[in-house]
Amino acid sequence: MFLCYSFQMMDTEYFESLANLLFPDAEPGASLEALYPPRDLPPGACVTRLGPSPTGFIHLGNLFMATVNRRLATQSGGVFFLRIEDTDRKREVEGAVKSLLSSLAYFGIDFAEGATADGEIGAYGPYRQSERQKIYYAFVRELILTGKAYPCFLSETQIEAIRAEQEADKVLPGIYGKYAEWRGADLSVIRRYYEAGMPYVIRLNANVGMTERNSAATVTVQDGIRGEITFPRNILDVVILKQDGLPTYHFAHTVDDHLMRTTHVIRGEEWLSSLPIHLALFEALGWMPPVYCHTALLMKIDEGVKRKLSKRKDPELALSYYIAEGYHPKAVEQYLLTILNSNFEEWRLSNPGVDNTEFILTTEKMGASGILVDLNKLRDISRDTLAGIPAKELADFMTDWAVRENPDALPTFTLERNVLESALDIGRGGEKPRKDLEYATQIFSHISYFFDAYFQIVDSLPEHVSAEEAQVLLEGYHGTYCHEDDRETWFGKIRVLAEENGYAARPKDYKKNPERYKGHVGDVSAVIRLALTGRLEAPDIWEIQQILGESRVVDRLRSFTNF
RNA sequence: GGCCCCGUGGUCAAGCGGUCAAGACACCGCCCUUUCACGGCGGUAACCCGGGUUCGAUUCCCGGCGGGGUCACCA
């Protein structure tokens, strides 16, 4: 008994000297607790966050994550904030926060709290981890004081040697147990190294504190998406403070999400395997961990193999790609919601016209297995979504897109705004609205023939119609053309023209007696369509003509055949 | 390799002990139609395998197998 007691005294003294040596100025954790009190929110409110590292690259997966986090917070009356996880100086990219913010803003993700392009908003900051050093030091000191963390002067080569030995012995690699040479090292030795300016890191002492409360070899958590998950307890003395004095993700996550009072940590499945470390950290600091929700990963099919989206290898999944292609934010949101919650699509169908924000997202309905990004589905959803957006808004959308991605087209869009708007409005409204608009670049090529600057003949005459024949037909058409004709009159004239030239006025007649005709009225239309739009596939010709205006129609008829 | 997650058609997926195993996208036919688009009708196509438990397993348990993730002083 006596022995035990005195050891403890010695330990306390040891820890205190250690803390004072390494972190003489760190403030007590308790004062920070007071600085960041629990948030005053309605019961059940979720506090979530997005924690990107500013590497200058975000892809669909980040947006996917942002969407879940944001929804869960806003729909529960909680808070969604942005924290910049910039603890890796090597990978940091200039201006990344700004571009991150603007990419997210494009897709309608904004933040009421957290880092901004040039500052921050909110009472739980700083929201850049690089500015939180004081806070991390305070809690590192706390851990040292209780013996749960210690300095480690192992060099890179020493660690490599340990790893090699472990690999040879086929044991778990890492610093733990007997490999943790600096656990409880002599104070005099530590002092000598420290004063000699030897580089060191701070490691968690996984052996202390862990077994006090629960000696079981495993930990079990309730994941918000996956339900109960069990792992072996963490035994690794993971690094919590790097040589450069910045925290590792693990430590920063623990401290920040506790102090920022995050209730739900929603992140990708790739974090699942470090969960035991995070739980160990929360336990060591004596804090309640948040609710963890590990989402399925967005995958890509690569040479027949399904794999996680990679920033390096999949530029076409970068948000910048979707922005450049001009996918509409609403369509992308719609798509993300359908892969996020299996019941969303059904809800959407049975609640037409209701805003997406009315839909309640639940973690229970989220899938746990990897999702292949399906551009087909996105495009389909796009067509549906765009069909429901007024032409005026679409015209604004196209103009905004041109400003960013196609400045050459901007003058045309601006000068011929009414043409743009009318072109986008073709076949809309009514029971069966046209659904052929997908994303800006596609839309642009779809309607470009309305503008003289972009008009060109891209298709050729139907096989059985010769150039001479086309000329005859177009001259005939031009002869009877009257811009004021209503659709009925107009098409009646085409039928007559068809008959006069040996084409069936009705396709059915032609089908019945193909030998009697050169073709049918559709062929005549095709020629006119080609002359007017430069292509064989386009919406209703009469409508196109109304938008084009009489002089343009006549010009195009003429220039096609040079009569 | 250790640990963890996942496993229903090509893709996203309903299902939660008894179903002819939904639906959406894609694909293929047909219809509508002056082309396209829209729309309508129809079609091809799935419970990874093997053991249990049970009267009965896609569903529960175990074991394989397969896929993925992770094993850093990166996040």
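Reader: How many of the 15 residues of α3 are buried?
Author: Happy to start there, bearing in mind that this is a predicted model. The buried residues of α3 include L60, G61, L63 and F64, and also N69 and R71. The helix is largely enclosed by the rest of the structure, because the number of its 15 residues that are buried is twelve.

Reader: What distance does helix α3 reach from its first C-alpha to its last?
Author: Helix α3 runs over residues 60-74, which makes 15 residues. At 1.5 Å a residue, a span of 21 Å is expected. The model comes close to that expectation, with a reach of 21 Å.

Reader: F397 caught my eye too; what is its relative accessible area?
Author: F397 belongs to helix α15, which covers residues 391-405. Its C-alpha atom is separated by 21 Å from that of D452, and the two residues are 55 apart along the chain. Buried means under 20% relative accessible area, and F397 is buried with a value of 10%.

Reader: Which strands stand at the edges of the open sheet of three strands?
Author: Good one to work through pair by pair. Strand β5 (residues 149-152) joins β6 through four bridges, and β6 pairs with β9 (residues 239-241) over two bridges. Both pairings are antiparallel, and the order is β5-β6-β9. One side of each edge strand is left without a neighbour in the sheet, because each has a single partner strand, and these edge strands are β5 and β9.

Reader: What is the average twist from one strand to the next in that sheet, β5-β6-β9?
Author: In this sheet A149 stands opposite L204 in β6, while R203 has V239 of β9 as its bridge partner. From one strand to the next, the twist averages 45°.

Reader: Which residues are buried on the two faces of strand β6?
Author: Strand β6 spans residues 201-204, and both of its faces are covered. On one side sit V201 and R203. On the other side, the buried residues are I202 and L204.

Reader: Which are the edge strands of the open sheet formed by four strands?
Author: The order here is β1-β2-β3-β4, with mixed pairing. Strand β3 (residues 113-115) pairs with β4 in the antiparallel sense over two bridges, and G114 stands opposite I121 in β4. The strands that pair on one side only are β1 (47-50) and β4 (120-121).

Reader: Which residue takes a positive phi in the hairpin of β12 and β13?
Author: Strands β12 and β13 run antiparallel and are joined by four bridges, with I301 opposite K306 in β13. Two residues lie between the strands of this hairpin. The residue with a positive phi, near 50°, is E303.

Reader: In what sense do β12 and β14 pair, parallel or antiparallel?
Author: Strand β12 covers residues 298-302 and shares two bridges with β14. Across this pair, L298 stands opposite I371 in β14. The sense of the pairing is parallel.

Reader: On to the RNA: how many residues surround strand B?
Author: The closest are R163, R226, K242, K377 and R434. Elements that each supply at least two residues of the surface near RNA strand B include β13 (305-308), β14 (371-372), α14 (375-387) and α22 (521-533). By class, the surface divides into 25 nonpolar, eleven polar and 26 charged residues. The number of residues surrounding the strand is 62.

Reader: What share of the atoms of RNA strand B within 4 Å of the protein do sugar and phosphate account for?
Author: One contact to phosphate comes from K242, which has a polar side-chain atom 2.6 Å from a phosphate oxygen of RNA strand B. Counting the RNA atoms that come within 4 Å of the protein, the share for sugar and phosphate is 73%.

Reader: And the bases: which residue has a side-chain N or O atom 2.9 Å from a base oxygen of RNA strand B?
Author: L154 also contacts a base, with a backbone N or O atom 3.3 Å from a base nitrogen. The contact you ask about involves a base oxygen instead, and the residue whose side chain approaches to 2.9 Å is S525.

Definitions and conventions
Residues numbered from 1 in each chain as written. Chains lettered and ligands numbered in written order. Predicted model: local features only at pLDDT ≥ 70, side-chain atom pairs only at ≥ 80, totals over all residues. Heavy atoms only, no water. Near = heavy atom within 4 Å. Polar contact = N/O pair within 3.5 Å; in protein donor to acceptor, adjacent residues only side chain to side chain. Nonpolar A, V, L, I, M, F, W, Y, C, P; charged D, E, K, R; others polar. Expected span 1.5 Å × (residues − 1). Buried < 20%, exposed > 50% of the residue type's maximum accessible area, 1.4 Å probe, protein only. Pairing = 2+ DSSP bridges. Axes fitted to C-alpha atoms, helices over the stretch in contact; angles between N-to-C directions.
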